[in-house]
Structures are given as structure tokens and as C-alpha cells.
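Q: I'm new to this one and would like to learn how to read it. Could we go through it together, feature by feature?

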Amino acid sequence: IPLLARRASRQRRQRRPRQCQQHVRPSRQRPPRPLQRQAALRPQGSEQAANAQLVGIESYNVTSWGSLKAYLKSTPSVVLLVQETHLLAEGAEEASDFAKKAGWKCIQSQAIPGVGKGTSGGVMILVRDRVGLSYPDQLSHEALKGRVVAAKVEIPGMPTILAVSAYLHSGKGISESCNLEVLQAVGQVVSGNTLPFIIGADFNNAPDALADLDFAQELGAAI
């Protein structure tokens, strides 16, 4: 599950732009485990930077809401970009209430109903209580129902960022029309805002396939 982050605007056209202190590493959970990736950002400002710990932003395919509930109590991350919640109406409300009691705020796009009791997708952005969370300017937070959700995130001591969680179609190539529709929705959200951004997604494709599509380059981002 790659994480994409925008490079500084003044560096976007340079061949080798400088990058902020950031790392991406796989989760250390023992198998079986959902797919995860983590990134870390350091707050700006001399006073904050001198003593601040890294701020964790994590992309997490949970495969179901149940597997995420316990994780909310143990993760050190500040922001979670979640895929495959499989939550519908009442379940989505219950999840929001549970997250609030556990010290989190969330914005989500409910799953897509399938055949029988089955569902597909469902994406969510969660932040700690102390972090600001609001809908993006001028655009719906639900860029593509059940597959793309976006929010403005205001971490104390840092610039406001645009966070996006996305879930592409399983078993489909990155360049197939259904997945290009998801990527287009992500691109519209990002291009409609001038904020620095980070995208956490289950692309259901290898990072090389995403790189070959030039999606990150078109957004001025790095995988």
C-alpha cells in the first residue's frame, strides 16, 4: 500500500528535489496481518522541532472494521488512512461513535453494497482528538463512493495537509478503466486543493505498476 506525498511546490520541476524527513516501512505485526504502510513527519518550527517526536501517518487495509477496533487502542500513529472497512449505514455510525470514545475523530465513505450481504470497499480517515479534521475546500469529501475519501488534517505545529484514503479494484490492472476512474477521482481532489497532500491507498497493484502509469509524477508527488 504505497503512500504518496507532494513535494514542495518550488521543487516540483527539479530533477532531484529535496525531500522532507520521511520514511515508509512495513508493519511489524506478526502474520496474519492486514497490509500497512507508515510514514513519519516532523512538526515545523524551531521550538517544536527541537523536542518533537515524529508524527506517524499510516495507511492500513483492515479488511473489516472489527480488526481496526483493537488497533485504535494500540497504534502510536496520529493519522490513519484506512481501506476496506465494509461499513454500511448503521455500522458506519457505530464505528464513528466507537472511534470518538477511543479518542479519535473520523470522516468516512461507506462501503458499496454487493450481492446478498456482501460489500466492497469502504474508506476512512481517522485522526487523534487533538488533531483538526474537516472537509476539503470546494470539493465533496466523498470523491468516489466507497473508494475515495479526503479530509483536511491540521496537526499542531505543522501546516495543514490534505489526506486521501483510496481503495482500487481487486484483481484489475492499474490501467483498467475501473481503476483509472478511482485514480481520476483522487487526482481531482488533489488538484482542487493547494495544500500539501498525502495519499494512503490499497492500489491492489505493485508499486512498479503505479510508477509506470506516471500517476505520482502528474501530481508532483513521490512514492
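A: Sure, let's start with one side chain: that of Arg128 reaches the backbone oxygen of Thr75 at 2.5 Å. That is a polar contact, a pair of N or O atoms within 3.5 Å; within protein, one must be able to donate a hydrogen and the other to accept it, and residues adjacent in sequence count only if both atoms are side-chain atoms. Bear in mind that this is a predicted model: local features need pLDDT of at least 70, side-chain atom pairs count only at pLDDT 80 or more, and totals for chains, interfaces and linings use all residues. Residues are numbered from 1 along each chain as its sequence is written, and side-chain values use heavy atoms, leaving out hydrogens and water.

Q: Which side chain of opposite charge is nearest to Arg128?
A: Charge first: Lys and Arg count as positive, Asp and Glu as negative, while His and the chain ends are not counted. A salt bridge needs a side-chain nitrogen of Lys or Arg within 4 Å of a carboxyl oxygen of Asp or Glu. For Arg128 the nearest candidate is Glu58, 8.1 Å away, so there is no salt bridge, even though Arg128 is buried.

Q: Where does Arg128 lie, and what is it in contact with?
A: Strands (E, at least two residues) and helices (H or I, at least four) are DSSP runs, numbered from the N terminus. Arg128 lies in strand β8, residues 123-128. Contact means heavy atoms within 4.5 Å; setting aside neighbours within four places in sequence, the contacts of Arg128 include Thr75, Pro76 and Trp104.

Q: Why does Gln108 count as buried?
A: Buried means under 20% relative accessible area, exposed over 50%, and partly exposed in between (1.4 Å probe, protein chains only). Gln108 has 17% relative accessibility, so it counts as buried. Gln108 sits in strand β5 (residues 104-109), and a polar atom of its side chain lies 3.0 Å from the backbone oxygen of Ala92.

Q: How many residues apart in sequence are Ile161 and Leu195?
A: They are 34 residues apart in sequence, yet 5.5 Å apart in space, C-alpha to C-alpha. Ile161 belongs to strand β11 (residues 161-167) and counts as buried because its relative accessibility is 8%.

Q: What about the chain overall?
A: The protein chain has 6 helices and 13 strands, and 48% of its 223 residues are buried. Of the contacts between residues at least 6 apart in sequence, 59% join residues at least 24 apart.
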